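Please look at the structure shown here and consider how its ligand is held.

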Amino acid sequence: MKTSMKKTLLTIVAGCALVLSACGGGGADKDTADKEGAKTEAKKVLNVGTEATFAPFEFMDKGEVTGFDVDLLKAVANEAGYDVKIENTGWDAMFAGLQSKQLDIGMAGITITPERVDSYDFSNPYFESKTMIAFKDVKIENAEDLKGKKIGVQNGTTGQFAAEKIVGQNSSDISKYETAALMFQALQSDNVQAAVTDIAVALEYQKNNPDTGIETVTDDKQFEPEYYGIVFPKGSEYVEEFDKALNTVLDNGKYAEIYKKWFDEEPDVEALKKAAEK
Ligand code: ARG
């Protein structure tokens with residue numbers, strides 16, 4: 001706004017304050033403000049499902065779902081002009097809710113896989129991950145060493161698929177748990193000797209449970225890099241808007257800010273964007 005215009009407006013406002021009745025009871029200004037306020041507040045609320053035992057991406061803190069995914073999704077949704085209501089539905093119920101379109105979004109460190117892409121729409125990648133083996137009281141130096149060990153995985157995750165790749169799909173050595181938390185509990189209580197999961201989650205668990213003797217190892221020969229995406233029902237109208245918003249958040253520093261808050265280091269934004277081109 002030009003200064004001259006500002007001055008004129010100021011004069012009008014001041015005039016109104018002096019002669020209230022002449023300006024419709026002095027409500028003119030306030031009404032406009034309210035209308036504008038209402039406009040910004042009445043955003044459409046999208047329903048989001050997650051499995052919140054997956055720190056640092058999503059976990060429960062004082063009854064609230066919190067974590068990197070939560071901060072990022074809120075920033076992206078906000079950029080796209082939406083509000084989100086995030087509920088800890090659990091892993092299977094999240095996918096069922098997406099199938100039935102009761103949920104608009106799934107956000108749970110969900111790896112973009114060819115099989116899932118057949119059934120759901122994904123945003124561009126927002127995080128690069130890889131498989132990690134967490135183990136206790138045994139010697140594991142690479143994926144091959146999983147053979148003959150009791151292995152815990154979260155059911156229906158890429159950790160399960162990675163373990164199956166090594167020891168076979170129907171191996172009775174693999175125990176499947178409904179949540180990542182139950183998988184770690186099984187490792188802790190010696191029901192399994194190794195857990196196969198995502199690197200950042202294994203490292204976070206190790207960091208938060210320092211005196212438990214849990215060790216970790218990766219195997220770049222056996223396990224490919226993975227990328228997390230925001231998940232939508234097939235044909236969702238929101239995918240494009242969210243991709244655009246994700247790009248903005250990647251470009252304007254908001255992504256880096258959130259990344260540093262949770263991982264204490266700079267993200268490789270360029271690498272992520274390259275992955276999106278594939
Ligand atoms: N990235 C893995 C997958 O997509 C594991 C995700 C598990 N997420 C969770 N919130 N428990 O299969």
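The questions below concern the ligand and the space around it.

Q: Where does the ligand lie with respect to domain 1 and domain 2?
A: This is a predicted model, in which local features need pLDDT of at least 70 and side-chain atom pairs count only at pLDDT 80 or more, while totals for chains, interfaces and linings use all residues. Residues are numbered from 1 along each chain as its sequence is written, and side-chain values use heavy atoms, with hydrogens and water left out. Domain 1 (44-128 + 227-271) and domain 2 (131-218), with bounds from an automatic or database domain assignment, both give residues to the shell around the ligand, so the ligand lies between them.

Q: Which residue has a side-chain N or O atom 2.6 Å from a nitrogen atom of the ligand?
A: Polar contacts are pairs of N or O atoms within 3.5 Å. An oxygen atom of the ligand lies 2.8 Å from a polar side-chain atom of Arg116, and a backbone N or O atom of Thr158 lies 2.8 Å from an oxygen atom of the ligand. The nitrogen atom of the ligand is 2.6 Å from a side-chain N or O atom of Asp198.

Q: How many residues surround the ligand?
A: A residue is counted if one of its heavy atoms lies within 4 Å of the molecule. The closest are Glu51, Gly109, Thr111, Thr158 and Asp198. The shell divides into five nonpolar, five polar and four charged residues, and the number surrounding the ligand is 14.

Key. A polar contact is a pair of N or O atoms within 3.5 Å; within protein, one must be able to donate a hydrogen and the other to accept it, and residues adjacent in sequence count only if both atoms are side-chain atoms. Ala, Val, Leu, Ile, Met, Phe, Trp, Tyr, Cys and Pro count as nonpolar, Asp, Glu, Lys and Arg as charged, and the others, Gly among them, as polar.
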